[in-house]
Amino acid sequence: MELKDVIIERRSIRKYKDEQVSTDLLFKICNLALNAPSASNMKAWQLVIMNEKDTIEKIKRFSPGMGFMPPALIVVGIDQQKAVKRAGPMANKEFIYYDAAIVAYNICLLALEYNLGSCIMASFNRGAIGKFVSFPENICPVLMVSVGYPLKEPAKKILKDKNDAIFLQRYESR
Ligand SMILES: Cc1cc2nc3c(=O)[nH]c(=O)nc-3n(C[C@H](O)[C@H](O)[C@H](O)COP(=O)(O)O)c2cc1C
């Protein structure tokens, strides 16, 4: 699949087949996803992979944004201590969110490469999830990404021209 097709075809998938995603494949995806740009090169990511039904069911209780049951879940955490040490005080205000989002998106794109669907989630109780995955205080669970084999092909996006959001040299000029 060409990169442009991957970008166009990625959709947030919330309905999955009742089929396990292998631990090896999840590790492979995470490993590749961490080849990402990082503010001040802080590279403070800490990922936790979950692919056990019981665990995911418990996570769901603290995650209003997860109105569905995925076969696998990846918590994208950032070590805030390492982030601040490397990137200074701005790290906690902004950089941890940028860095986590880039890796989460990499996971989504790589998922497609392996015929998997995914959905990024930010709506969850960070304190509860952090405790649940045994993160120490300095690691913040910033995002979660669900992963699984899609129940059905997502509807094809009607490709709309996005030029109304793109300008040349200055805003509102083309
Ligand atoms: C930072 C971020 C947080 C999101 N949080 C949630 C969430 O908590 N629950 C959810 O179901 N979808 C969540 N989404 C997915 C968006 O709803 C989805 O990307 C958007 O509706 C566009 O649809 P598409 O991804 O299929 O193009 C999130 C997406 C992003 C980028």
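**Exercise 1. Decide whether asparagine 115 is buried or exposed, and describe its backbone and setting.**

Asparagine 115 counts as exposed because it has 8 C-beta neighbours inside 10 Å; the classes are buried for 20 or more other C-beta atoms within 10 Å of a residue's own, exposed for 12 or fewer, and partly exposed in between, with C-beta atoms placed from the backbone. The model is a predicted one, in which local features need pLDDT of at least 70 and side-chain atom pairs count only at pLDDT 80 or more, whereas totals for chains, interfaces and linings use all residues. Residues are numbered from 1 along each chain as its sequence is written. As to the backbone, asparagine 115 has a positive phi of about 60° although it is not a glycine, and its place is the loop between H5 and S3, where helices (H or I, at least four residues) and strands (E, at least two) are DSSP runs numbered from the N terminus.

**Exercise 2. Carry out the same description for glutamine 169.**

Glutamine 169 has 6 other C-beta atoms within 10 Å and is therefore exposed. Its phi, near 70°, is a positive value in a residue other than glycine, and glutamine 169 belongs to the segment after S4.

**Exercise 3. State which order the strands of the sheet take, and which of them are edge strands.**

The four strands form an open sheet in the order S1-S2-S4-S3, with antiparallel pairing, where two strands pair if DSSP finds at least two bridges between them. Strand S1 (45–50) and strand S3 (117–121) each pair on one side only and are thus the edge strands. Between S1 and strand S2 (residues 72–79) there are six bridges in the antiparallel sense, and valine 48 has valine 75 in S2 as its bridge partner.

**Exercise 4. Identify which strands helix H5 touches, and how H5 is directed relative to S4.**

Helix H5 (residues 90–113) packs on the sheet and touches S1, S2, S3 and S4, a contact being two C-beta atoms, placed from the backbone, within 7 Å. The direction of H5 makes about 15° with that of S4; axes are lines fitted to C-alpha atoms, for helices over the stretch in contact, and angles run from 0 to 180 degrees between N-to-C directions.

**Exercise 5. Give the number of helices and strands in the chain, and their pattern along the sequence.**

The chain holds six helices and four strands, and read along the sequence they follow α-α-β-α-β-α-α-β-α-β.
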